[in-house]
Amino acid sequence: MLLFNRIPMPVAVCDANGSIILANPAMAAEWGETSGTLRDRNILELFRPEEETQVLRIVEAMRLRHRSRYPVTVHWAAADGVRRHGELTAEPVSDTVDAVPALLVLLRVLGEDRAPDPAPAEAATPAEARILALLAGGATTARAARETGLTPDGVTYHLRRLTERWGAANRTELVARAYALGVLAPGVWPPVA
């Protein structure tokens, strides 16, 4: 046990369902906790797999009693608030071949994810601001094209550029960011840039 606690790499032992039985201080430190406070927490509540299929592969292998190492790419928000990414390796371990194995889980921290830089308010051109105002008012691409004198492809081009520049997931997020950045005037209807 003394050796387990001195391992500098974050390590945990989990039951077959992923509940933590034992965690070393390095693992607990990722969460700003002590070793005992992680007991009975599920490892997948702490770490988010990048691909669910990786976890399903481990579950299937465990069901078939395969004994191998299974890496899972994960990310998590550490105790200091920084989003990190790394690799969890789960290795089935047991005293006998017939026993239900526990999982020895090792964490290899690969790095920190940098937050995207916030877009400046002047990041929208006048044409883009006009298109955003029309979208905020419920206009379709075709209507925005008619009202701005652009083609529908021209409107889509401007929206695609804004999406890339601001890192938005969709048009709703574009409109929300336009308000947050002061590109669109709040409290005015119909929306204006």
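Start your tour by selecting Gly149: this residue comes directly after helix 6 and has a positive phi, near 80 degrees. Helices here are DSSP runs of H or I with at least four residues, strands are E runs of at least two, and both are numbered from the N terminus.

Before moving on, a word on the model. It is predicted, so local features need pLDDT of at least 70 and side-chain atom pairs count only at pLDDT 80 or more, while totals for chains, interfaces and linings use all residues. Residue numbers run from 1 along each chain as its sequence is written, and side-chain values use heavy atoms, with hydrogens and water left out.

**Helix 6**

Step back from Gly149 and select residues 141–148, which are helix 6. Which residues of helix 6 are buried? Colour Thr141, Ala144 and Ala145, and you have them; buried means under 20% relative accessible area, exposed over 50% and partly exposed in between, with a 1.4 Å probe and protein chains only. These three cover an arc of only 100 degrees around the axis, so they sit on the same side of helix 6. That arc is taken from the directions from the helix axis to the C-beta atoms. An α-helix has 3.6 residues a turn, so residues three or four places apart point the same way.

Now show the surroundings: the buried residues of helix 6 pack against helix 5 (126–136), helix 7 (152–166) and helix 8 (171–180). Contact here means heavy atoms within 4.5 Å.

**Helix 7 and its partners**

Select helix 5 together with helix 7. Their axes come within 10 Å and cross at roughly 95 degrees. Helix 5 is therefore roughly perpendicular to helix 7. From helix 5, the contact uses Ala127, Glu128, Ile131, Leu132 and Leu135; from helix 7, it uses Val155, His158, Leu159, Arg161, Leu162, Arg165 and Trp166. For reference, axes are lines fitted to C-alpha atoms, for helices over the stretch in contact, and angles run from 0 to 180 degrees between N-to-C directions. Angles under 35 degrees count as roughly parallel, over 145 as roughly antiparallel, 65 to 115 as roughly perpendicular and the rest as oblique.

Zoom in on His158, which belongs to helix 7. Is His158 buried or exposed? Its relative accessibility is 14%, so His158 counts as buried. Leaving aside residues up to four places away in sequence, His158 touches Ala127, Glu128, Ile131 and Leu150.

Next, swap helix 5 for helix 8. Helix 7 and helix 8 pack at an angle of about 70 degrees, and their axes are 10 Å apart. This pair, too, is therefore roughly perpendicular. To see the interface, show Thr156, Leu159, Leu162, Thr163 and Trp166 of helix 7 against Arg171, Leu174, Arg177 and Ala178 of helix 8.

**The sheet**

Hide the helices and look at the strands. In what order do the 6 strands lie in the sheet? They form an open sheet in the order 2-1-6-5-4-3, with antiparallel pairing. Strand 2 (20–23) and strand 3 (48–49) stand at the edges with a single partner strand each, so one side of each has no neighbour in the sheet. Two strands pair if DSSP finds at least two bridges between them.

Walk across from the strand 2 edge:

- Strand 1 (residues 11–14) joins strand 2 through 3 bridges; select Ala12 and you will find Ala23 opposite.
- Strand 1 pairs with strand 6 (residues 102–112) over 4 bridges, and Cys14 faces Leu103 there.
- Strand 5 (residues 83–93) is joined to strand 6 by 10 bridges; Pro92 stands opposite Leu103, and Val93 opposite Ala102.
- Strand 4 (residues 70–77) connects to strand 5 by 8 bridges, with Thr89 as the bridge partner of Pro71.

Pause at the hairpin of strand 4 and strand 5: it has 5 residues between the strands, and Gly81 takes a positive phi near 85 degrees.

**Two backbone stops**

Most residues other than glycine have a negative phi, and most peptide bonds are trans. Select Asp40, which is not a glycine yet has a positive phi of about 75 degrees. Asp40 sits in the loop between helix 2 (25–29) and helix 3 (43–46) and is exposed, with a relative accessible area of 59%.

Finish at Pro190, in the segment after helix 8. A cis peptide bond links Trp189 to Pro190, with omega about -5 degrees.

**Zooming out**

Show everything again: the protein has 8 helices and 6 strands, and 37% of its 193 residues are buried.
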